[in-house]
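User: Please take a close look at one part of this predicted model, namely the salt bridges and the strands that carry them. I would like a connected account that goes on to the neighbouring parts.

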Amino acid sequence: MGAIVLRRVFGVWFGIVVLGGAGIGAPPALAAKAAATRRFVGTVDARGAVFFGGLGGGPCKISYLPHAQRPVALQIGSERRVTVRSSGQESMGVNPAHDRLHGADGGSGLATTVKPMNGLSAVKAMRIGALVGAFVGPGPTPGPYTGGTNFWVLAPPKNQVFFIGNGSTTTGRVQEFVVPSGATKLVLGFVDGPWPKPADPQYGCAHYYKDNVGSLKLVVTLKP
């Protein structure tokens, strides 16, 4: 049952029923708290290239991704911490010699290394098919992520592609990601294997999204 808030109008007292916290007549503290935390529930396709979310620049052109799709992109306002929970299966190409279907933590035994692209950082030895993210904002492109996978709290710099996976540690603790100052959006997607021909301009750039299959359901919570 909602709370009853009394209001006096022209000498007459009225009782207003408030359902679910914030609303007409809700106490200011409750209204502020309800507006401070946002939640996104959606799906990211295995062909969603995280590099589409960058602001431009770097040795690899976004045109090198003809078969990729847009990643999930969430605007950042006053939020300072983010949690991401995911479920489902995907693969960077269902082939026993390449990558079997797996969850958001990525496949085992294989890793992906690619050059910087579209203003986002290079990726070095990232688990193949792992869910990754980047806090995007004006500024330089940092070095590649080296933070591992089993952390409690991660504070990546702007424009660095970092590991997210299923959003929890090996013991089930929910991981938190700290929003860097100046970030305007969070992009969530994948990094796929580099172009292998040294004579071509796109050598070492992310490319092979065409044969990716599956998707992940995401629950993203943005906190003050």
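Analyst:
**Salt bridges and the strands around them**

Arg-81 and Glu-176 meet in a salt bridge whose closest N and O atoms are 2.8 Å apart. Because Arg-81 belongs to strand 5 and Glu-176 to strand 11, this contact ties together parts that are 95 residues apart in sequence. Arg-81 has a relative accessible area of 32%, and is therefore partly exposed. Glu-176 also forms a salt bridge with the side chain of Lys-223, with an N to O distance of 3.6 Å. Here the residues lie in strand 13 (Lys-223) and strand 11 (Glu-176), so the pair ties together parts that are 47 residues apart in sequence. Lys-223, at a relative accessible area of 28%, is partly exposed. Arg-81, Glu-176 and Lys-223 are thus linked in a network of salt bridges, and the structure as a whole, which is a predicted model, holds 4 salt bridges.

The backbone pairing involves the strands that carry this network. Strand 5 (residues 81-91) runs antiparallel to strand 11 (residues 176-178), and 2 bridges join them; within this pairing, Val-82 stands opposite Phe-177 of strand 11. Strand 5 also pairs with strand 13 (residues 213-223), again in the antiparallel sense, over 11 bridges, and there Arg-85 stands opposite Val-219 of strand 13. These strands belong to an open sheet of 5 strands with mixed pairing, in the order 3-13-5-11-9. Its edges are formed by strand 3 (38-45) and strand 9 (153-154), each of which pairs on one side only.

At the strand 3 edge, 8 bridges join strand 3 to strand 13, and the two run antiparallel. Asp-45 stands opposite Ser-215 of strand 13, and Asp-45 also takes part in a salt bridge with Arg-47, in which the closest N and O atoms are 3.0 Å apart. Both residues of this salt bridge are partly exposed, Asp-45 with a relative accessible area of 24% and Arg-47 with one of 28%.

A disulfide lies in the loops that follow from these strands in the numbering. The sulfur atoms of Cys-60 and Cys-205 are 2.0 Å apart and form a disulfide, and the count for the structure comes to 1 disulfide. Since Cys-60 lies in the loop between strand 3 and strand 4, and Cys-205 in the loop between strand 12 and strand 13, the pair ties together parts that are 145 residues apart in sequence. A disulfide is a covalent bond between the sulfur atoms of two cysteines. The torsion about the S-S bond of Cys-60 and Cys-205 is about -80°, and the disulfide is therefore left-handed. Cys-60 counts as buried because its relative accessibility of 3% falls under 20%, and Cys-205, with a relative accessible area of 1%, is likewise buried.

Strands 4 and 12, which border those loops, belong to another open sheet, in which 4 strands are arranged in the order 4-12-8-10 with antiparallel pairing. Strand 4 (72-75) and strand 10 (162-163) stand at its edges with a single partner strand each, so one side of each is left without a neighbour in the sheet. Strand 4 is joined to strand 12 (residues 185-189) by 4 bridges, and the two run antiparallel; in this pairing, the bridge partner of Val-72 is Leu-188 of strand 12.

Definitions and conventions
Residues are numbered from 1 along each chain as its sequence is written. This is a predicted model: local features need pLDDT of at least 70, side-chain atom pairs count only at pLDDT 80 or more; totals for chains, interfaces and linings use all residues. Side-chain values use heavy atoms; hydrogens and water are left out. Two strands pair if DSSP finds at least two bridges between them. A disulfide is a pair of cysteine sulfur atoms within 2.5 Å. Buried means under 20% relative accessible area, exposed over 50%, partly exposed in between (1.4 Å probe, protein chains only).
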